[in-house]
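Me: I have a structure to go through with you. Please tell me why each label is used.

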Amino acid sequence: MYAWEQPGPVTALQLLDATFADPKVRGYAVLCLENMSDEMLSRYMLQLTQVLKHEPFHDSALARFLLRRSVRNTRLLGHQMFWSLKAEMHDPLVSERYGVLLDIYRRNCGSHRIELGHQLFLMNQLQQASDVVTQIKDKDERKERLVQLLEYVNGQLEDVSVFQLPLDPLMVCSRLLLDKCRVMGSKQAPLWLVFE
């Protein structure tokens, strides 16, 4: 493999497919990704975290690569890796592996750990608010209760000047705009949230 002309990063991604189980082939593919800029790597972070499912062991060249690059650029790559792994923790087939990687990241990401704590708190509070308001049938009562719950969330976030949203590492917010938030009218009653 090393005698070949080195493929570009996008071509090398194909070598991380489940059909290539050999750790040497997968290691070579990761070597080809080393020259990717952080911006380009961020475009493939979701796919690369999914590819971790095909690694034969928790400790792999791909896992080390993603951890190393994520710790180097926590605001972009670390944020994306953390939330991509966190979103899959419900899957028993990968929860152990992803849990190990999340733990390693949290122990090595420095001050980003505090920011992740704020994001996790926010997500937990919003999930609880959603659970409460979906049980309420009356629309006016539902809206009133939502505002109360979101006022509490805003109060808890007063000490935090700004925070990132899990959806987009480039989106920075300071609080919820209560008058613009509402419960959508569909059966599952999702929340429509507007941040400042």
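Me: What share of the 196 residues in the protein is buried?

Reply: Buried residues make up 40% of them. Keep in mind that this is a predicted model.

Me: Why is Asn154 called buried or exposed?

Reply: Its relative accessibility is 13%. Buried means under 20%. The value of 13% falls under that cut-off, so Asn154 counts as buried.

Me: Where is Asn154, and which residues is Asn154 in contact with, leaving aside neighbours within four places in sequence?

Reply: Asn154 sits in helix α9. With those neighbours set aside, its contacts are Arg175, Leu176 and Leu178. Contact here means heavy atoms within 4.5 Å.

Me: What makes Arg68 partly exposed?

Reply: Its relative accessible area is 38%. Under 20% would be buried, and over 50% would be exposed. The 38% lies in between, so Arg68 is partly exposed.

Me: Where is Arg68, and how far is its C-alpha atom from that of His58?

Reply: Arg68 belongs to helix α5, residues 61-72. The two C-alpha atoms are separated by 15 Å, and the residues are 10 apart along the chain.

Me: Why is Asp138 called partly exposed?

Reply: Asp138 has 41% relative accessibility. Partly exposed covers values between the 20% and 50% cut-offs. The 41% fits there, so the label holds for Asp138.

Me: Where does Asp138 lie, and which residues form a negative surface patch with it?

Reply: Asp138 lies in the loop between α8 (112-134) and α9 (139-156). Its partners in the patch are Asp140, Glu141 and Glu144.

Me: What makes that patch negative?

Reply: The patch is formed by Asp138, Asp140, Glu141 and Glu144. Asp and Glu count as negative, so the patch is called negative.

Me: How many charges does the protein have, and how far apart are their mean positions?

Reply: There are 23 positive and 24 negative charges. Their mean positions are 2 Å apart.

Me: How many helices and strands are there, and in what order?

Reply: The protein has 9 helices and 4 strands. Along the sequence the pattern reads α-α-α-α-α-α-α-α-α-β-β-β-β.

Me: What box do the C-alpha atoms fill, and what area does the protein expose?

Reply: The box is roughly 70 × 35 × 25 Å along the principal axes. The exposed area is about 11,500 Å², and carbon and sulfur atoms supply 54% of it.

Definitions and conventions:
Residues are numbered from 1 along each chain as its sequence is written. This is a predicted model: local features need pLDDT of at least 70, side-chain atom pairs count only at pLDDT 80 or more; totals for chains, interfaces and linings use all residues. Side-chain values use heavy atoms; hydrogens and water are left out. Patches are made of residues with over 30% relative accessible area and no salt bridge: like charges are joined within 9 Å, nonpolar side chains (Val, Leu, Ile, Met, Phe, Trp, Tyr) within 5 Å. Accessible areas come from the Shrake-Rupley method with a 1.4 Å probe; for residues, only the protein chains shown count as cover. A salt bridge is a side-chain nitrogen of Lys or Arg within 4 Å of a carboxyl oxygen of Asp or Glu. The place of a charge is taken as NZ of Lys, CZ of Arg, CG of Asp or CD of Glu. Helices (H or I, at least four residues) and strands (E, at least two) are DSSP runs, numbered from the N terminus. Buried means under 20% relative accessible area, exposed over 50%, partly exposed in between (1.4 Å probe, protein chains only).
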